[in-house]
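Here is a friendly walk through a few corners of this model. Have the sequence and the 3D view open as you read.

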Amino acid sequence: MSPTATFAAAPTVDPGPELDGRDFALPASGLDDARRLRVLDTVDEYLTRKRRHLVGYQATQDMQGCALDLARFMPNNINNLGDPFQSGGYKPNTKVVERAVLDYYAALWNAERPYDAADPESYWGYMLSMGSTEGNMYALWNARDYLSGKALIQPPTAPFDALRYVQAAPDRSNPNAHRPVAFYSEDTHYSFAKAVRVLAVETFHAVGQEKYPGQCPLVDPATGSREWPTEVPSRPGPSGRSWDGPGEIDVDALAVLVEFFAANGHPVFVNLNLGSTFKGAHDDVRKVCERLLPIFEKYGLVQREVVYGTDPHTGEPLVDLRRGFWIHVDGALGAGYAPFVRMASQDPAYGWRPEVELPEYDFGLTLPTREFGDLDMVSSIAMSGHKWPGAPWPCGIYMTKVKYQISPPSQPDYIGAPDTTFAGSRNGFSPLVLWDHLSRHSYQDQVDRIRSAQELADYLERRLRAMELELGVELWPARTPGAITVRFRKPSPELVAKWSLSSQDVLMVPGDESTRRSYVHVFLMSSVDRTKLDALLAELAEDPAVLGLPTRLP
C-alpha cells in the first residue's frame, strides 16, 4: 500500500537554518540600532520556528499569553533573595506571590499549610531559579546533612552571623550511622548522577564497591555476577530486561539493596520518579514505602538519636530524634499534573476516568508503624515550573517540612533574611509567571489539560502502529500506561532536528552492540495538538530513513 494512502503527503523536510554565531559578535564600538534589531529579528524567527515544532521534550511552549500581562514588570530587577517567608532587605521582590504559589502546591501535595516555623509538620519550600535539577540537588543536600547529623534549623544554637555547619558526634556502636547511601533507578534523570558528584553524596554502587566488593545481594541471572550495579534496576519488560519495561523502579530489587545497607547501619536516601525523563513513567511511591517501612523498622531507622553538639549554656549534649531514611519524589513533570489525575479518578464530576490511577506520592502518604503510630513517608518533592504549567525560562518548586530543615552554613546579615535556599539570589519573575498560569486555570481546566495529553498520547501510539502495518516497517512504538509520552524508532537526522526529538540508545542485550536500538520520543505537552502530530506523522511516512528500513530486524 502506498504510504500516502492513509497518511497525508508531507513537504520536503527542512529543519531550517541554525543561528550563525558570527552574527552575534560584539565589536568594541557596539552595534547601531538597525543592525542590532536585524540580529534580534533572526533570533525571533529562529525561536518561533523551533517553538512551533518542538514535540520531543518535557517543556510546554504554551505561555498562555502571559507576556502581554507580565511585560510591565520587566523594568524591575526582581530578586527573591533568601528565604521566601521573610521579606529581607531587598524590597523589589515578589515573595508574597511566591508564598501564594507555594500554598497552592502545598494543598495539591497534601502538605500541612500555611507555613508555620513553629510547627515541625508544616511545609517549607521555595521557588527554584533552575528547574528540578536544583530541586533534586537541594533534596540531596538537605537529606545528606539531615541523615549525616548536621544541626537542624530549629532551635538556633549560635549567634545570627556565626558559622553553624556542625557535625554530629560519632556513634561508637555504628561507624556507618552518619554515612548515608543514595538509591535511584536507571530511568532517573541524569541530573542525579551529576548531583551526587557535586555534593559528594555516596551511592550504593560506590559504597558497595569500596566496602562490600562482590557482596551485592542481586545476582545477575545471565552471568551469576555479584558486582554492584551503577543504579537500581528498572522493572523488566517482556524480554526480561528493562529496555522494554515501563520505566518504573524495580521495587523488589530496591528492597533487597536497601536492606543490605540498612543491615550494615547506613541511613538511606531513595529517589523516586513521577514522570521519568524518557518513558514518562511513574514509580509506585506507595508500594515502595510499603516495602521499605518494615526494613526501616527492623533496623532502627524510623527513629534514632543524633548527638550533634553541646549546649553552650548548660554543657549538656544536644540530641535530636531523627529518622534514618529520606524519600524524595522527583516530580519534575508529573507532580504538576498527578494531583489532577487523582482528582478525576476520585470524583466523577470532573467527567473523566483516567486509564491509570496514579498511586499516592506526596506528603499525605502515611503508613502505620508498631511503635510510632502513623508515619508520613515522603520527605521532599521537586517540580519544574517550565514543564507542565509552562514558563519562558527554567524554574520550579522544592518542598519539604520544617522538621527536616537544616541550619544553613552561614547567616549573612546583609540580606536581612536567612539564606535557606540553594541559589541565594532567585528569579522573582518566576512566581509571577506561575501565579498567572494558576490564576487562569481552574481545577477542571487542569483536569482537561492532562486528559487531552493522555488522549493524544494514545492517538499517536495507535497511528504509529498503523503506519508500521501500512509501510511494512518496524517502528517499535511504545507507551507506558498513564504516561504522556510515546517512544519510537529514531528517524532521519533532518526530522530529529526539525521536531526537536530527544533520542536515547538502548542495548537489548547488555554488552552486545549488535542489539543497539535508537529511540526518540514525543511528549504531549499542552502546546502539542493533533495538527502537529499529523504533520509529524506525514513526514515520518515519507522519511527516507523510515522507508528504507527492513521489514524484519536482522
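Ser225 touches Leu218, Val219 and Asp220, leaving aside residues up to four places away in sequence; contact here means heavy atoms within 4.5 Å. Ser225 sits in the loop between α6 (204-211) and α7 (251-263). Helices (H or I, at least four residues) and strands (E, at least two) are DSSP runs, numbered from the N terminus. The model is predicted, so local features need pLDDT of at least 70 and side-chain atom pairs count only at pLDDT 80 or more, while totals for chains, interfaces and linings use all residues. Residues are numbered from 1 along each chain as its sequence is written, and side-chain values use heavy atoms, with hydrogens and water left out.

Is Ser225 buried, partly exposed or exposed? Its relative accessibility is 26%, so Ser225 counts as partly exposed; buried means under 20% relative accessible area, exposed over 50%, and partly exposed in between (1.4 Å probe, protein chains only). The side chain of Ser225 also reaches the backbone nitrogen of Glu227, at 3.0 Å. From C-alpha to C-alpha, Ser225 lies 8.0 Å from Gly214, and eleven residues separate the two in sequence.

**A buried aspartate**

Asp83 belongs to the loop between α2 (66-70) and α3 (95-108). Asp83 is buried yet has no salt bridge, and the nearest side chain of opposite charge, Lys95, is 6.4 Å away. For charge, Lys and Arg count as positive and Asp and Glu as negative, while His and the chain ends are not counted. A salt bridge is a side-chain nitrogen of Lys or Arg within 4 Å of a carboxyl oxygen of Asp or Glu. What does the side chain of Asp83 make a polar contact with? The partner is the side chain of Trp124, at 3.0 Å. A polar contact is a pair of N or O atoms within 3.5 Å; within protein, one must be able to donate a hydrogen and the other to accept it, and residues adjacent in sequence count only if both atoms are side-chain atoms.

**Val97 in its helix**

Val97 is placed in helix α3. With a relative accessible area of 17%, Val97 is buried. Among residues over four places away in sequence, Val97 touches Pro431, Leu432 and Trp435. Phe429 is 332 residues from Val97 in sequence, yet their C-alpha atoms are 9.8 Å apart in space.

**Salt bridges**

The structure holds 32 salt bridges, including the three in this table.

| Pair | N to O distance |
|---|---|
| Arg286 and Glu360 | 2.5 Å |
| Arg323 and Asp376 | 2.7 Å |
| Asp505 and Arg516 | 3.5 Å |

Take the Arg286 and Glu360 salt bridge. This pair links distant parts of the chain: Arg286 is in helix α8 (residues 285-298) and Glu360 in the loop between α9 (334-346) and β7 (366-369), 74 residues apart. Arg286 counts as partly exposed at 23% relative accessibility, and Glu360 is also partly exposed, at 27%.

Next comes the salt bridge of Arg323 with Asp376. Arg323 lies in the loop between β5 (317-322) and β6 (325-330) and Asp376 in strand β8 (residues 373-376), so the pair ties together parts that are 53 residues apart in sequence. Arg323 is buried at 6% relative accessible area, and Asp376 is buried at 10%. Both residues belong to a network of salt bridges that links Glu121, Arg323, Asp376, Lys401 and Lys403.

The third pair is Asp505 and Arg516. Asp505 lies in strand β12 and Arg516 in strand β13, so this salt bridge ties together parts that are eleven residues apart in sequence. Asp505 is partly exposed at 39% relative accessible area, as is Arg516 at 37%.

**The sheet around that pair**

Strands of a sheet pair through backbone hydrogen bonds, either parallel or antiparallel. Here three strands form an open, antiparallel sheet in the order β11-β13-β12; two strands pair if DSSP finds at least two bridges between them. β11 (485-489) and β12 (502-507) stand at the edges with a single partner strand each, so one side of each is left without a neighbour in the sheet. The twist averages 35° from one strand to the next; axes are lines fitted to C-alpha atoms, for helices over the stretch in contact, and angles run from 0 to 180 degrees between N-to-C directions.

β12 pairs with β13 (residues 516-523) in the antiparallel sense over six bridges, and Leu507 stands opposite Arg516 in β13. Helix α11 (residues 443-471) packs on the sheet and touches β11 and β13; its direction makes about 20° with that of β11.
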